[in-house]
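Reader: I would like a close look at a single part of this protein. Please keep it brisk, and then show how that part sits in the rest.

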Amino acid sequence: MPPLQKRIPLFFGFSAALLLAACGSEAPVEAPRTEPGAIAEGELAVPVMGEEVRILAFGDSLFAGYNLAEPEGYPERLEAALRGRGINARVIDAGVSGDTSAAGRDRLQFVLDGQGEKPDLFILELGGNDLLRGLSPDETRANFDAMLTTLREREIPVLLMGMRAPPNYGPEYQAQFDAMYRELAQQYDTALIPFWLEDIYEDQSLFQNDRIHPTAEGIEALVASTVDEVQAALPEDAGEG
């Protein structure tokens with residue numbers, strides 16, 4: 001499938017914050033390797049050492065990098081930031097625009113089976129398109145339960161990227177959805193970023209004209225605000241020679 005196809009979204013709104021968007025379906029491919037010397041703003045480059053650490057970034061349009069050049073997406077910039085810290089990281093972009101938690105559940109086994117090696121870390125970023133479609137938190141949670149059970153059975157460490165429901169969905173829905181990520185992280189003993197867009201969602205200068213998808217500068221800000229959590233989620237022996 002042409003690379004451009006994953007950039008075509010189904011737009012959606014969010015009254016005060018952000019959701020995820022887009023449509024498309026394609027098998028994940030490994031992103032082009034970023035330059036070894038590429039680092040996030042403010043980072044000091046150190047020599048890259050150790051065995052390769054494989055991170056599978058599994059999500060929707062925010063990972064697929066809507067309307068951005070290939071090297072500007074979150075997985076690619078995260079890889080550069082980790083390598084700038086001396087970690088021999090390979091971040092595989094498995095983002096598919098438009099994915100709901102159900103779509104992620106459906107393709108998870110295919111994606112995992114397609115990896116040459118078991119990932120050292122699996123970053124799970126889904127849920128926004130469930131909000132778009134007004135799916136019940138119970139339905140979304142059941143899909144996350146299935147994915148996290150599969151990942152636990154395969155002994156793959158997980159970092160869960162949380163989203164946040166908009167207030168216009170009502171306080172009951174909002175409370176149930178927002179608590180879901182924290183409760184799942186506790187249940188499955190995963191690392192968690194409660195709301196991974198926290199540091200940028202109020203700054204519209206970091207978003208494209210749709211006010212949904214981050215600009216390249218927004219992605220850099222997201223990487224800077226989450227790279228510590230990603231590094232902390234890596235197994236202690238990951239990358240050891």
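Which residues form one aromatic cluster?

Author: Phe144, Tyr169, Tyr173, Phe177 and Tyr181 form it. A caution before the details: this is a predicted model.

Start with the count. The structure holds 9 aromatic pairs. Take Phe144 and Tyr181: their ring centres are 5.6 Å apart and their planes meet at 75°, so this pair is edge-to-face. Phe144 belongs to helix 5, while Tyr181 belongs to helix 6 (residues 171–188), so the pair ties together parts that lie 37 residues apart in sequence. Both Phe144 and Tyr181 are buried.

Tyr181 has another ring partner in Phe177. That aromatic pair is also edge-to-face, with 5.7 Å from centre to centre and 75° between the planes. Here the partners sit in one helix: Phe177 and Tyr181 are 4 residues apart in helix 6, so about one helical turn separates them. Phe177 is buried, as is Tyr181.

Now stay with Tyr181. Its relative accessibility is 1%, which is why it counts as buried. Leaving out residues up to four places away in sequence, Tyr181 touches Leu126, Gly127, Phe144, Leu160, Met161, Gly162, Met163 and Leu192. Gly127 is 54 residues from Tyr181 along the chain, yet their C-alpha atoms are separated by 9.6 Å.

Two of those contacts, Leu160 and Met161, lead into strand 4. Both faces of this strand are covered. Val158 and Leu160 lie on one side, Leu159 and Met161 on the other, and all four are buried. In a regular strand the side chains alternate between the two faces of the sheet.

Strand 4 has neighbours to pair with. Strand 3 runs parallel to strand 4, and 3 bridges join them. Leu124 stands opposite Leu160 in that pairing. Strand 4 is also joined to strand 5 (residues 191–193) by 3 bridges, again in parallel. There, Met161 has Ile193 as its bridge partner. So much for the surroundings of Tyr181.

Next, strand 2. Of its 9 residues, 9 are buried, so strand 2 is largely enclosed by the rest of the structure. Ile87, Ala89, Val91, Asp93 and Gly95 point one way. Asn88, Arg90, Ile92 and Ala94 point the other way, and all of these are buried too. Strand 2 pairs with strand 1 in the parallel sense, over 8 bridges. Met49 stands opposite Ile87 of strand 2.

Helix 2 (residues 74–84) tells a similar story. Here 11 of the 11 residues are buried, so the helix is largely enclosed by the rest of the structure. Charged names appear on the buried list, including Glu76, Arg77, Glu79 and Arg83. The buried residues of helix 2 pack against strand 1, helix 1 (61–64), strand 2, strand 3, strand 4 (158–161) and helix 7 (216–233). Gly86 follows helix 2, with a positive phi near 90°.

Then comes helix 3. This helix covers residues 101–113, which makes 13 residues. From first C-alpha to last it reaches 19 Å, close to the 18 Å expected at 1.5 Å a residue. Helix 3 still has a kink of about 45°, centred on Arg107. Arg107 also lies over the face of Phe58, at 4.1 Å from the ring centre. Arg107 is one of the buried residues of helix 3, with Ser101, Gly104, Leu108, Val111 and Leu112. These buried residues pack against strand 1 (49–59), strand 2 (87–95), strand 3 (121–125), helix 4 (128–132) and helix 5 (137–153). Helix 5 brings you back to Phe144.

Last, the whole protein. The secondary structure comes to 7 helices and 5 strands. Along the sequence the pattern reads β-α-α-β-α-β-α-α-β-α-β-α. The protein has 241 residues, and 53% of them count as buried. Take the contacts between residues at least 6 apart in sequence: 80% join residues at least 24 apart. The pair of Phe144 and Tyr181, 37 residues apart, ties together helix 5 and helix 6.

Notes:
Residues are numbered from 1 along each chain as its sequence is written. This is a predicted model: local features need pLDDT of at least 70, side-chain atom pairs count only at pLDDT 80 or more; totals for chains, interfaces and linings use all residues. Side-chain values use heavy atoms; hydrogens and water are left out. Helices (H or I, at least four residues) and strands (E, at least two) are DSSP runs, numbered from the N terminus. The expected span of a helix is 1.5 Å times one less than its number of residues. The bend at a residue is the angle between axes fitted to the seven residues ending there and the seven starting there. Buried means under 20% relative accessible area, exposed over 50%, partly exposed in between (1.4 Å probe, protein chains only). Contact means heavy atoms within 4.5 Å. Rings of Phe, Tyr and Trp (its six-membered ring) pair if their centres lie within 6.5 Å; planes under 30 degrees apart count as stacked, over 60 as edge-to-face and the rest as tilted. A charge sits over a ring if NZ of Lys or CZ of Arg is within 6 Å of the ring centre and within 35 degrees of the ring normal. Two strands pair if DSSP finds at least two bridges between them.
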